[in-house]
Amino acid sequence: MVLDPEDGGYYSYRDHFHFLPLCYIDWKGIKTMLILGFLGSPKVNGHCSKLLAKALEGAASKGAATKRFDLIRLNIKYCRGCNTCYRNDPELTIGKCPIKDDVASILKDYVTADGYIFASPVYDGTITALMKTFLERKIMLTYKAPDAYGKLPESRCPANFKRKAAFIVTGAAADEYKEVMADPCFEALESSLMLEQVDTSYEMYVGGIENITAEQFQERLEEAFRLGAHLVEDIGKALQDN
Ligand SMILES: Cc1cc2nc3c(=O)[nH]c(=O)nc-3n(C[C@H](O)[C@H](O)[C@H](O)COP(=O)(O)O)c2cc1C
């Protein structure tokens, strides 16, 4: 695992396999399953970050290639609501956005991936503004005809099978407050992914994070590892069923 802040703020396991890569054949040829991780916490060494790292390790243990994006390290500007990206050429896989930052380059990887792990702390009862800002910019992956009033935008790159996502949410409020703290985070992520036909595979809330013991956190790290492994297995099943 190599942390390379010079490399656009993410690090990649692609060239650092510890496990046999999991390959499958699609219409473009042989492909290695790719899982992307997105960290929505501003703390790159915080709890959320450690849980995401473990989840990606779990995915790699099942043979997937993984790549991680620490959103705080990237240049991600606010959507300006100009609607340009989802109105231009429906043949484009990624609509052109007039904002010059890192989002188009992240989305180039995004559209080649088979699965995603989104990790965010609860901030003010929902996902962080950092994560939300990225989700809003993902509208570039959708197309809406100029006369499609009231309709949902269409996915620009409908996958030939259902891609899957897993979510990790951390919060100060204890596990028993999951419904009020974590569920709004899961819903925000799900409604963003729904347009892209990405199903949820696994949701995990780690509450009471401010006073969690080392032993309790270790157990949650193991759960995060299983989340990553489970996601890869789940995608493998979806590919087989396809
Ligand atoms: C601005 C802010 C708002 C927060 N709001 C909530 C909240 O609404 N509910 C909650 O359970 N925790 C809340 N927290 C606590 C964070 O969720 C917690 O510190 C975080 O999950 C720890 O993860 P990290 O180490 O990756 O930052 C908040 C923290 C900050 C800084």
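This note comments, point by point, on the predicted model shown above.

1. Overall composition. The chain holds six helices and 10 strands. Of its 242 residues, 39% count as buried. Contacts between distant parts of the sequence are well represented: among those joining residues at least 6 apart, 78% link residues at least 24 apart.

2. Strand E9 and its partners. Strand E9 covers residues 163-170, and seven of its eight residues are buried. E9 pairs with E6 in the parallel sense, over seven bridges. Within that pairing, Ser 120 has Val 169 of E9 as its bridge partner. E9 is also joined to E10, again in parallel, by eight bridges. Here Ile 168 is matched with Met 204 of E10. As a general point for reading such strands, side chains in a regular strand alternate between the two faces of the sheet.

3. Helix H5. This helix spans residues 178-194, and its buried residues are Lys 178, Met 181, Ala 182, Cys 185, Leu 189, Ser 192 and Leu 193. The list includes a lysine, Lys 178. The buried residues of H5 pack against strands E6 (115-121), E9 (163-170) and E10 (198-206), and against helix H4 (129-137).

4. Helix H6. H6 comprises 28 residues and extends 41 Å from its first C-alpha to its last, close to the 40 Å expected at 1.5 Å a residue. The helix occupies residues 214-241. Its buried residues are Arg 220, Ala 224, Phe 225, Leu 227, Gly 228, Ala 229, Leu 231, Val 232 and Ile 235. These pack against helix H1 and strands E4, E6, E9 and E10. E6, E9 and E10 are thus contacted by the buried residues of H6 and also by those of H5.

5. Glu 223 within H6. Glu 223 belongs to helix H6. With 18 other C-beta atoms within 10 Å, this residue is partly exposed, because the count lies below the 20 required for burial and above the 12 that would make it exposed. Its C-alpha atom is 8.7 Å from that of Lys 54, although the two residues are 169 apart along the chain. Lys 54 falls in the range of helix H1, residues 47-61.

6. Helix H3. In this helix, residues 103-110, the buried positions are Val 103, Ile 106, Leu 107 and Tyr 110. Seen down the axis of H3, they fall within an arc of 100 degrees, and therefore line one face of the helix. The cover over these residues includes strand E4 (34-39), strand E5 (65-70) and helix H4.

7. Ile 76 in the loop between E5 and H2. Ile 76 is placed in this loop. It counts as buried, since 21 C-beta neighbours lie inside 10 Å. Leaving aside residues up to four places away in sequence, Ile 76 touches Leu 71, Asp 101, Asp 102, Val 103, Thr 133, Phe 134 and Arg 137. Of these, Val 103 is one of the buried residues of H3. Asp 101 lies 25 residues from Ile 76 in sequence, with a C-alpha to C-alpha separation of 6.0 Å.

8. Backbone angles to inspect. Most residues other than glycine have a negative phi. Two residues in loops depart from this pattern. Asn 83 has a positive phi of about 70 degrees and sits in the loop between E5 and helix H2 (84-87). Asn 83 is partly exposed, with 13 C-beta neighbours inside 10 Å. Asp 124, likewise not a glycine, has a positive phi near 55 degrees. Asp 124 is found in the loop between E6 and H4, and its 8 C-beta neighbours inside 10 Å make it exposed.

9. The ligand shell. The ligand is surrounded by 17 residues, of which the closest are Gly 46, Cys 48, Pro 121, Gly 171 and Ala 173. By class, the shell contains eight nonpolar, seven polar and two charged residues. Helix H1 (residues 47-61) supplies the largest share, with three residues. Among the closest residues, Pro 121 falls within the range of strand E6, residues 115-121.

Methods: Residues numbered from 1 in each chain as written. Predicted model: local features only at pLDDT ≥ 70, side-chain atom pairs only at ≥ 80, totals over all residues. Helix = DSSP H or I, 4+ residues; strand = E, 2+ residues; numbered from the N terminus. Contact = placed C-beta atoms within 7 Å. Near = placed C-beta within 6 Å. Nonpolar A, V, L, I, M, F, W, Y, C, P; charged D, E, K, R; others polar. Arc of directions from axis to C-beta. Expected span 1.5 Å × (residues − 1). Pairing = 2+ DSSP bridges.
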